[in-house]
Amino acid sequence: MTTALVNGIELYFERAGNGPRTLFLNGSGSSLASTGFLVAPFVEHLDVLAFDQRGMGLSDVPAGSWTMADYAADALALLDHLGWEECRVVGISFGGMVAQELAVTRPERVTRLALLCTSSGGEGGASYPLHALAAMTPDERLATRRSILDTRFDETWLSEHPFDRMIDETWAARGEAPRSERDQRGELAQMDARRHHDVWERLRQIACPTLVACGRYDGIAPLANSEAIARRIPGAELRVYEGGHAFFMQDRSALPAVIEFLRTS
């Protein structure tokens, strides 16, 4: 197992592939074990560094509360550990929030930035408050998860779109899966950092080429949020795909386009 001691905690990381150096940042509640299938396409074309963020997977769960700045600091310290002075960065959902925090804090370290299905907070709009799901009944939680994953999802739609049903069922099962006390602590701390995320006033500090990609029917990070980010970051490009929060699975043109953007010199 490959780990690095950074900021007083052990972070589990993996590095694979060839091409431009690229930092991959996972979404909420995700570990490399659960989202390796998303990293794999990037590894085919890029030198990818991916890791379990604090509180997730095989990385430490430090005591206390954490901020988005802590997550960005972990990523920067890991880059230092590997001797990467600069790199491309791709962040999905929560990872996109960390990517924004990293890019506004140390813009000289990021050469290209891809932000997928994410939000800036503040006047740019917040993502759906996932922490609110915990107070719902199982049935309410299931219905809410479905509607925010893709606003088109109902029984009629899912009966006619078996691939979307698979996505819906997989996400629901993951959300209801039993968690250890350790995993619960990590997820709760991550949710708390997420709910306070706000980089809106600092987004203009991002100077690198930036791609903002989103799903037209995303109920977690709505299209309007991505539109706001793209307007706020100088020169940013917005691409809208036919899907929801998992548009990169639903629209087969999405991931190749994101990877090509990251590969571009």
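The exercises below work through the overall build, the pockets and two serines of a predicted model.

In this predicted model, local features need pLDDT of at least 70, side-chain atom pairs count only at pLDDT 80 or more, and totals for chains, interfaces and linings use all residues. Residues are numbered from 1 along each chain as its sequence is written, and side-chain values use heavy atoms, with hydrogens and water left out.

**Exercise 1. Describe the overall build of the protein chain.**

Step 1. The protein chain holds 10 helices and 8 strands (DSSP runs numbered from the N terminus: H or I of at least four residues for helices, E of at least two for strands).

Step 2. Its radius of gyration is 17 Å, close to the 18 Å that the globule rule gives for 265 residues, so the chain is as compact as a globular protein of that length. The radius is taken over C-alpha atoms, and the rule is 2.2 Å times the number of residues to the power 0.38.

Step 3. The C-alpha trace spans about 50 × 40 × 35 Å along its principal axes.

Step 4. Of the 265 residues, 54% count as buried (under 20% relative accessible area, with exposed over 50% and partly exposed in between; 1.4 Å probe, protein chains only).

Step 5. Contacts (heavy atoms within 4.5 Å) between residues at least 6 apart in sequence join residues at least 24 apart in 76% of cases.

**Exercise 2. Characterise the two largest pockets by volume and lining.**

Step 1. The largest pocket has about 1000 Å³ of space. On a 1 Å grid over the protein atoms alone, a pocket is an open set of points where a 1.4 Å probe fits, with protein on both sides within 12 Å along at least five of seven lines; lining residues have an atom within 4 Å of a point. Grid points are joined across faces, edges and corners, and the volume is the space filled by probe spheres set on the points.

Step 2. The largest pocket is lined by 39 residues, and Ser28, Arg145, Arg174, Gly175 and Arg179 are the closest to its centre. Helix H6 gives the most to this lining, with 6 residues.

Step 3. By type, the lining of the largest pocket has 19 nonpolar, 13 polar and 7 charged residues (nonpolar: Ala, Val, Leu, Ile, Met, Phe, Trp, Tyr, Cys and Pro; charged: Asp, Glu, Lys and Arg; polar: the others, Gly among them).

Step 4. The second largest pocket has a volume of about 210 Å³. Of its 13 lining residues, Gly29, Ser31, Arg179, Asp183 and Glu187 are the closest to its centre. This lining divides into 3 nonpolar, 6 polar and 4 charged residues.

**Exercise 3. Locate serine 30 and list its partners.**

Step 1. Serine 30 sits in the loop between strand S3 (21-25) and H1.

Step 2. With a relative accessible area of 7%, serine 30 is buried.

Step 3. Beyond neighbours within four places in sequence, serine 30 contacts Thr35, Met56 and Arg174.

Step 4. The side chains of serine 30 and arginine 174 make a polar contact at 2.7 Å. Such a contact is a pair of N or O atoms within 3.5 Å; within protein, one must be able to donate a hydrogen and the other to accept it, and residues adjacent in sequence count only if both atoms are side-chain atoms.

**Exercise 4. Do the analysis for serine 59.**

Step 1. Serine 59 lies in the loop between strand S4 (47-51) and helix H2 (68-82).

Step 2. Serine 59 counts as buried, at 0% relative accessibility.

Step 3. The side chain of serine 59 reaches the backbone oxygen of aspartate 52 at 2.5 Å.
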